[in-house]
Amino acid sequence: MTRIKQTQPALRSVTRRILAVSTAIALCTAPMAIAQETAPAPKVSVMAAVTKPIRNSETFIGRGEAKDKVDVIARVSGYLEEVLVEDGAEVQAGDLLFRIERSAYEATLEARRADLDKAEANLQLASVDLARKQELFTRGAVPEAERDTALANEKVSEAQVRAAKAAIQQAELDLSYTEVFAPFAGRVGRVAVSVGDVVGPTSKPLVNVVREAPIYVSFALNEKQFVSILQKIEGAEVTEEQERELFEVFVVLPNGTELEKRGKFAFADNRIDPNTGAITLRAEFENTSRLIVDGSFLTVGLEAQKAEDRIVISQAAMQRDQQGPFVLVVDDQQMVEQRYIETGDVVGTGIIVLDGLETGETVVVEGLQRIRPGAKVDPVLANQAGE
C-alpha cells in the first residue's frame, strides 16, 4: 500500500511533462500548417487537346528494284573484235555494244546457201524423173513400183530444200548475233571483257544493263496492316484505278531527305509469305533524278489522300511509366488527374492521341516536376501543339 501511494505522484509528474511537450510541439507546428494551407497553387503551363485534320501515314523499310535489268551474254562463240561501250555509259535501246568476229559465220552462211542450191537442183531432177515415170506408167511401159520410187524421191528432195532453207535462217541468225545490242534504254555497269577475249553463251556476262527510270520500290506489310488497307479501299467504293490513288507513296532516301516526286502503287502480291507473315507491295517512281538506286534500302511511307479528324497534343505533355504513356489533365476545379493514353503518329511537335482524351481537355506541358495527381494548380495557357 505504501508503494502505491509513492508511485501515484511520480505518474502525475510524467503526465504533466508529456502534456507540456505536446503543447510546445503544437505551438511550433501551427504556423507551418497555416502556411501550407495558405500557400498559392503552383503555376503550370497547360494546353488543350485539339482536333486537327490529319492525313494518316505509316512508314516501312523498302528496297529499290530496277524495272528492267539484265546481264548481257554473247549468244554465239567467237573472238571479240570491238567493245563499243564504256563503263557506266547511258545507252538507248538498240545501241551497238560489242562486235564478235563475223568471218566464220559468214562462211557458214555461204555454205548453207550452197546446200540450198544443191537441194533445189535435186528437187528439179526428181520432179522431171517423176513426170517421165508417170507418163510411162500410164502407157504401161514401166511397173507401178518405179513410178512410186520416183514420187518418193521428189518428196525427199522437197524436204531437203526445206532443211536447207532452215539452215540458212539459222546461219543468218548466228551471223546477226555477232553484233550485241542494248535490249533497252538504261545505264551499263562495268564492262567485264576486253578486245581479244573469246566469248560465248557459256562465258561470263559481257556487261549488265539497268533501267534506272522509272524504278520500283518494294516493301512489305504485315497481315494487320494489309487488311486495314483493304478495309479502307472497300469502304471507299472506288474503281480499281482509283484504289491506287487512295494512298500516296513517298520515300525517304538513305541520307534522310524525302524524294520530292511521289510514287504510285504498281503491284501487290497474291499471297502472304508464311515465313514472315507479310505481303510484298511495289510502288513505281519516276526517278528522273536517279536518286533511287537498284538494291538500295529506303524508308517507304504510305499517306492517305483524305484527311481525318484526330486529337493532337504536344509531345511535351506526354510521360511514360511501366503501364505506358500518360498525361496530367487539369479539370474544371483546377485539380490534377493522371490519365493513361494510346498514342499514334507524331505530327510536327505534337502527337496523335487515339484513346484516353477528349477534345478540349487540358493537359500540363510545363511544370510537370512540381505537381502530382490530386494537387491543385494555377494553369497558364500555352501555345497549341504544332503551332
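**Exercise 1. The open sheet**

In this predicted model, work out the strand order of the open sheet of four strands, and find which strands stand at its edges.

*Solution.* Begin with the order, which reads 2-17-22-21, with antiparallel pairing. Next, look at the two ends of that order: strand 2 (50-54) and strand 21 (342-347) each have a single partner strand, so one side of each is left without a neighbour in the sheet. To finish the picture, add the twist, which averages 45° from one strand to the next.

**Exercise 2. One strand pair up close**

How many bridges join strand 21 to strand 22, and which residue of strand 22 stands opposite Thr343?

*Solution.* Strand 22 spans residues 350-355, and four bridges tie strand 21 to it. The two strands run antiparallel. Within this pairing, the residue facing Thr343 is Val353.

**Exercise 3. Two helices side by side**

Describe how helix 2 (residues 103-139) packs with helix 3 (residues 144-176).

*Solution.* Take the geometry first: the axes lie 8 Å apart and the packing angle is about 165°. Angles over 145 degrees count as roughly antiparallel, so helix 2 is roughly antiparallel to helix 3. Then comes the handedness, and here the crossing is left-handed. Lastly, sort the residues of the contact: 16 are nonpolar, seven polar and 15 charged.

**Exercise 4. An annotated span**

What does the UniProt record call residues 102-136, and what is the helix content of the span in the model?

*Solution.* The unreviewed UniProt entry annotates these residues as "coiled-coil region". Turning to the model, the span is 97% helix and 0% strand. Its end C-alpha atoms lie 52 Å apart.

How values were computed:
Residues are numbered from 1 along each chain as its sequence is written. This is a predicted model: local features need pLDDT of at least 70, side-chain atom pairs count only at pLDDT 80 or more; totals for chains, interfaces and linings use all residues. Side-chain values use heavy atoms; hydrogens and water are left out. UniProt positions are given in the numbering used here, feature names are shortened, and annotations may be inferred rather than shown by experiment. Two strands pair if DSSP finds at least two bridges between them. Axes are lines fitted to C-alpha atoms, for helices over the stretch in contact, and angles run from 0 to 180 degrees between N-to-C directions. Angles under 35 degrees count as roughly parallel, over 145 as roughly antiparallel, 65 to 115 as roughly perpendicular and the rest as oblique. A crossing is left-handed if the near helix is turned anticlockwise from the far one by less than a right angle, and right-handed if clockwise. Ala, Val, Leu, Ile, Met, Phe, Trp, Tyr, Cys and Pro count as nonpolar, Asp, Glu, Lys and Arg as charged, and the others, Gly among them, as polar.
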